Amino acid sequence: MFNAWSRRDRPPEDGTAAGLDGFAVDKTFLSSLKGILLETELALTFIIFICFMASISAYMAAALLEFFITLAFLFLYATQYYERFDRMNWPCLDFLRCVSAIIIFLVVSFAAVTSRDGAAIAAFVFGIILVSVFAYDAFKIYRTEMVPRAAQGDQQ
């Protein structure tokens, strides 16, 4: 009934790291279109955060929050850890993440450009580029993930 080795006390099997079985990074995802979009969103959000730190620190919280949300989605998708939460509608959550980021960065970017500071203008330019990347990501999510599921539901 009680054996000497419990599951957590066993030595790792060949080829696996101890305790990190579920966190192997899928390198093919990182080079896919969705992976590149998430990496681009992450990089642009970090650049905007740096620009806001240099000029208007009141707006840096929005960029930092979106940076962490995008980082979490990149981590969940790259490790395929999101598959363990099968009751969540991940395409819908990802779509809402993109739509909320579009709204937030449009408002913050246009509010920042009114200060006429060099870093704030750079944040505005990067913000508009980031909004277009988020809009493309939302469009791709809608076309590839949400519309086919709705069509399958209509057929049943």
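Is Y136 buried, partly exposed or exposed, and what is its relative accessibility? Y136 counts as partly exposed because its relative accessibility is 37%, where buried means under 20% relative accessible area, exposed over 50% and partly exposed in between (1.4 Å probe, protein chains only).

The structure is a predicted model, in which local features need pLDDT of at least 70, side-chain atom pairs count only at pLDDT 80 or more, and totals for chains, interfaces and linings use all residues. Residues are numbered from 1 along each chain as its sequence is written, and side-chain values use heavy atoms, with hydrogens and water left out. The protein chain has a mean pLDDT (the predictor's confidence in each residue, from 0 to 100) of 83, and 81% of its residues reach 70 or more. Across residues 14-18 the pLDDT falls below 50, and this stretch makes three contacts (heavy atoms within 4.5 Å) in the model beyond near neighbours in sequence.

The largest nonpolar core (buried Ala, Val, Leu, Ile, Met, Phe, Trp, Tyr and Cys residues joined through side-chain atoms within 4.5 Å) comprises 22 residues, of which I48, F52, A63, F105, L130 and F134 touch the most other members. Two or more residues each are contributed by helix 2 (33-54), helix 4 (90-112) and helix 5 (118-155), helices being DSSP runs (H or I, at least four residues) numbered from the N terminus. Helix 5 gives the most, with eight residues. Apart from neighbours within four places in sequence, I48 contacts A63, F105, A123, F126, G127 and L130. A second, separate core of 10 residues includes L42, F67, L74 and A78.
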